[in-house]
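User: Please take a close look at the surroundings of the ligand in this model. I would like the residues, the contacts and the elements behind them.

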Amino acid sequence: MNRSVVLSETGNLSVRHQWGKFFQGLFLFSTVIGLIVLGILIVTVVDKTFTLVAVTNKVDPATLADRPLEELSEEELRQILRENLRPARLRTIERDQAPLDEMNQADLTALVTTEIVKPTTRASYPLFQSLTRRAEIEAEIRSEYPDAQIYFKAWLTWDFLQRSMSTKPDLAGVRQAVKGSLWIIFITILVAFPIGVGAAIYLEEYADHRSRINRILQTNIENLAGVPSIIYGILGLAVFVRTLALITSGAVFGVDAGSGRTILSGGLTMALLVLPILIISSQEALRAVPRSLREASYAMGATRWQTIWHHVLPYALPGILTGTILTVSRALGETAPLILVGASSLINKDPQSVFSFFTTLPFQIYNWTVRPQPEFRNIAAAAILVLLAVLLSLNATAIVLRNRLSKRI
Amino acid sequence: MSEQNLSNHFAIETRNLNLFYGNFRAVKDVNLQIVPRKITAIIGPSGCGKSTVLRSFNRMNDFVPGFHMEGEILFHGKNLYAPDVDPVQVRQYIGMVFQKPNPFPKSIYENVAWGARINGYKGNMDELVEGALRAAALWDEVKDNLKKSGLSLSGGQQQRLCIARALAVKPEIILMDEPCSALDPIATLKIEDLMRELSENYTIIIVTHNMQQAARASDYTAFFTMDEDRAGVMVEYGETSQIFTNPRDKRTEDYITGRFG
Ligand SMILES: Nc1ncnc2c1ncn2[C@@H]1O[C@H](COP(=O)(O)OP(=O)(O)O)[C@@H](O)[C@H]1O
Ligand SMILES: [Mg+2]
């Protein structure tokens, strides 16, 4: 009867507002926590990547040449190596790594440094500590290593990306790890993308949703998506590395790697790992295609395949790519399955083909963090930054691609 | 006259047509004879099976799990649901325009050309596109923008693009399921004018909610309603003028005078 009575239920309204505020605050809080954690992670990594170091050399590089090593030509570097190393040592190096004549400038510089100069980082202090307590730290170093050079060192350098693995943190690089990761990802996408999208098309477009077999299939795929990655590692070890060793080692193709612990096995294992997620996300993208679009196509006398190929897939592609991006990111960071499949902790040869042995960035990071010497944690931090950069650039490429495609619609 | 010849008089003829979704009978015992090159309107309350009947004419219901039919739908004397009939081919002869305009997310040109191309059209595509767009009374509005997306057009233009797209496949019959329900009155009138023009060359069957539209734009009207167990039945069918001025059935009269329910 009286309208103002209805409108002025103030007690109720203020309670509702309070709850509204509470939830808004709660969500803001969770977001802020997330950002803080991310910030801490990045700060810690950067803190370890740029440090104040105390370095002592066994041989002063100035006695080897009149210019810094980096500026010498490849021939001059080879000359220095031949003059300063015993022939037996040279032969070992050429056997383990590559003939001197085939090495590039970066490799040769690294070799001169490891074999002759032999610099050793005696101590390394994280960035923020060094900035705040510089004088104190320098005094400390002087008392322990009177002849050490003290300077700021960025562990993440262009050289770090180009150098091979090494047992010495000062000389170790991530070239093989980056290449290995990219190779593995390449194989993963190559295998998982067509199979995953194909399976999703079958399940969404062709399979009868009411049939028992297809329902069981669907449930199983969803369960597989939740299986821990280490299990896939065991599967990969049993199937690709052992049972199919003839194929994965390349023996049947005449390029025997010696065992099945190759990029091919790693990539196939990763493909299996990401396949269920890829199928599910592609299915979701296909399901989001409006029925009106399919009907329009069918009503013009199009076959099922023409409808899928010309309308459904183009419409779903941005969504499928988004799923692929997320999945590939996951694969790039996976470590456990590759440990089982046999990533090598020390290889000096770059991966040449799918039948090469390999290491990957996350595996390398893991390896370095478990070493006792503190300097390994510095290069692990640098490698983390590399991994993040590779991840971000892969994602950025895929996002640009996706936006291009969805603009066309 | 033999039975074969008799059925050739009609664009489509249904005999004891029953349509089911699973166990649910949506349409019961419909005997309907569609006259060629005329506009036939199907009217009736919501849920009485108008769309179900219409979609059974070009086998669009095949995609609904559990759908099945009994009886016959004859097209050129052939049952559309005979085992040897290819539904894809049926849809090339019997095109469809939907309730909500649904152009492909492609250019205007591609929207029209696509259907012809997948049906193996080998002639001059530009001519075909222009012809279809002219026939759909859209050419003058879009001739300078054929590369623009079909989705950039207004609702009424989109619906005419969908008609042009259907025409490009060269069908005999065009089914329209409430083609104007998403359009404003002016766009609606344009479509009605267009239907009138098209009926010179095509058989048109239109489902509509709008009684004035049926009265204005159709030659024949079929009135459907639901019986006790919610199955759609055809109450009355005849020339539109007769249905609207002199309905034989009480239920038709109640419906068209707005006394339904
Ligand atoms: N895909 C479907 N599955 C099950 N029942 C349906 C489906 N489509 C329509 N129906 C049912 O069939 C009856 C007729 O529907 P419809 O032909 O869409 O009616 P109208 O177009 O006259 O409003 C309704 O009772 C509706 O619920
Ligand atoms: Mg309807």
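Analyst: By class, 5 nonpolar, 5 polar and 2 charged residues make up the shell around ligand 1. The model is a predicted one. The charged pair is Lys50(B) and Arg230(B). The nonpolar group is Tyr21(B), Phe24(B), Ala26(B), Cys48(B) and Val64(B). The polar group holds Ser46(B), Gly47(B), Gly49(B), Ser51(B) and Thr52(B).

Two elements of chain B each supply at least two residues of this shell: strand E2 (24-30) and helix H2 (50-57). H2(B) gives the most, with 3 residues. Within its bounds, 50-57, fall the shell residues Lys50(B), Ser51(B) and Thr52(B). Strand E2 spans 24-30, and the shell residues Phe24(B) and Ala26(B) sit in that range.

Now the polar contacts. Ser51(B) places a polar side-chain atom 2.6 Å from an oxygen atom of ligand 1. Gly47(B) uses its backbone instead: a polar atom there is 2.7 Å from a ligand oxygen. On the nitrogen side, an N or O atom in the side chain of Tyr21(B) lies 3.5 Å from a nitrogen atom of ligand 1. As for cover, ligand 1 exposes 560 Å² when taken alone, and the protein buries 65% of that.

Chain A offers a separate site to consider. The largest pocket holds about 1,100 Å³ of space. It is lined by 42 residues, and the closest to its centre are Gln97(A), Ser164(A), Arg175(A), Asn348(A) and Lys349(A). Helices H4 (87-96), H5 (105-117), H8 (158-162) and H9 (175-206) of chain A each give two or more residues to that lining. H5(A) has the largest share, 6 residues. By class, the lining counts 18 nonpolar, 11 polar and 13 charged residues. Domain 1 (49-154) and domain 2 (175-408) of chain A both contribute to the lining, so the pocket lies between them.

Methods
Residues numbered from 1 in each chain as written. Chains lettered and ligands numbered in written order. Predicted model: local features only at pLDDT ≥ 70, side-chain atom pairs only at ≥ 80, totals over all residues. Heavy atoms only, no water. 1 Å grid on protein atoms, 1.4 Å probe; cavity = no way out; pocket = protein on both sides within 12 Å on 5 of 7 lines; lining within 4 Å. Points joined across faces, edges and corners; volume = space filled by probe spheres on them. Helix = DSSP H or I, 4+ residues; strand = E, 2+ residues; numbered from the N terminus. Domains from an automatic or database assignment. Near = heavy atom within 4 Å. Polar contact = N/O pair within 3.5 Å; in protein donor to acceptor, adjacent residues only side chain to side chain. Areas by Shrake-Rupley, 256 points an atom, 1.4 Å probe, with all protein chains shown as cover.
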